[in-house]
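The following paragraphs offer a guided reading of one molecular model. The reader is invited to keep the sequence and the three-dimensional view at hand.

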Amino acid sequence: LAEWKSEKERLEQSLEEVRERAQMDAGSLETKLQEVEKRAEEREREARAEAERRVEEAKKEAEEAVQSVLQEAQERLQEEIKAKEQAMQEKEEQHAKEVEAKEEQQRSLVTKGEEEAQMKREELEASHKKEVAELKAQMGAARAALKQEV
């Protein structure tokens, strides 16, 4: 019986030691678990922060791309407007040249007409003077003939 009591005490002692070790192991495991959870939370925060940084970076890049496209479109539009304005100005200049040429042609025709009219006038005056001279000569001849008759 004493042996059995001694064995029982030794087993109880051993059981107590096992319990203590189990409690220590459980405490150690819980501490390790808490550390692992803290590291996991830390990694999650870091990953979340990295993801947010990447999202902000992507937004910034997208905004820069949009600004670049808008800038290029605005430059193209300005070039088109400038080209159209230049074409319009060239058309206006061409039209002005055509109008000037027609006006010059009209002036030339008027001048030519005036010159022709002046020549006709001079021809008519010369013809009139010639007729007057002939008539005077005829009258002079007729007077001379009359004087001879008389």
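The protein chain carries 30 positive and 43 negative charges, and the mean positions of these two sets are 5 Å apart. The model in which these charges are placed is a predicted one.

The fold that carries the charges can be described briefly. The protein chain has 1 helix and 0 strands. Its radius of gyration is 63 Å, well over the 15 Å that the globule rule gives for 150 residues, so the chain is more spread out than a compact globule. Along the principal axes, the C-alpha atoms fill a box of roughly 215 × 15 × 10 Å. Two positions give a sense of this extent: Thr31 and Ala145 are separated by 114 residues in sequence, and their C-alpha atoms lie 167 Å apart in space. Thr31 itself belongs to helix α1, where it counts as partly exposed because its relative accessibility is 39%, a value between the 20% under which a residue is buried and the 50% over which it is exposed.

The surface may be considered next. Of the 150 residues in the protein chain, 0% count as buried. The accessible surface of the chain comes to about 14500 Å², and carbon and sulfur atoms account for 53% of that area.

Which residues form a negative patch on this surface? The patch is made up of Glu72, Glu75, Glu79 and Glu80. One of these residues, Glu75, is placed in helix α1, which comprises residues 2-149. With a relative accessible area of 38%, Glu75 is partly exposed. Residues enter such a patch when they have over 30% relative accessible area and no salt bridge, so the value of 38% for Glu75 lies above the required area.

Other charged residues do take part in pairs. Side chains of opposite charge can pair when their charged atoms come close. How many salt bridges does the structure hold? There are 10 of them.

One of the pairs joins the side chains of Lys8 and Glu12, with a distance of 3.9 Å from N to O. The cut-off for a salt bridge is 4 Å, so this contact falls within it. Lys8 and Glu12 are 4 residues apart in helix α1, and therefore about one helical turn separates them. Both partners are partly exposed: Lys8 has a relative accessibility of 39%, and Glu12 has one of 43%.

Another salt bridge links the side chains of Lys59 and Glu56, at 3.7 Å from N to O. These two residues also lie in helix α1, with a spacing of 3 residues, or about one turn of the helix. Glu56 counts as partly exposed, since its relative accessibility is 48%.

A further salt bridge brings together the side chains of Glu104 and Arg107, for which the distance from N to O is 2.8 Å. Glu104 and Arg107 are 3 residues apart in helix α1, so that about one helical turn lies between them. Glu104 is partly exposed at a relative accessible area of 43%, and Arg107 is likewise partly exposed at 39% relative accessibility. Beyond single pairs, salt bridges that share partners join Glu50, Arg53, Arg54 and Glu57 into one network.

Technical notes: Residues are numbered from 1 along each chain as its sequence is written. This is a predicted model: local features need pLDDT of at least 70, side-chain atom pairs count only at pLDDT 80 or more; totals for chains, interfaces and linings use all residues. Side-chain values use heavy atoms; hydrogens and water are left out. Patches are made of residues with over 30% relative accessible area and no salt bridge: like charges are joined within 9 Å, nonpolar side chains (Val, Leu, Ile, Met, Phe, Trp, Tyr) within 5 Å. Accessible areas come from the Shrake-Rupley method with a 1.4 Å probe; for residues, only the protein chains shown count as cover. Lys and Arg count as positive and Asp and Glu as negative; His and the chain ends are not counted. The place of a charge is taken as NZ of Lys, CZ of Arg, CG of Asp or CD of Glu. Buried means under 20% relative accessible area, exposed over 50%, partly exposed in between (1.4 Å probe, protein chains only). The radius of gyration is taken over C-alpha atoms; the globule rule is 2.2 Å times the number of residues to the power 0.38.
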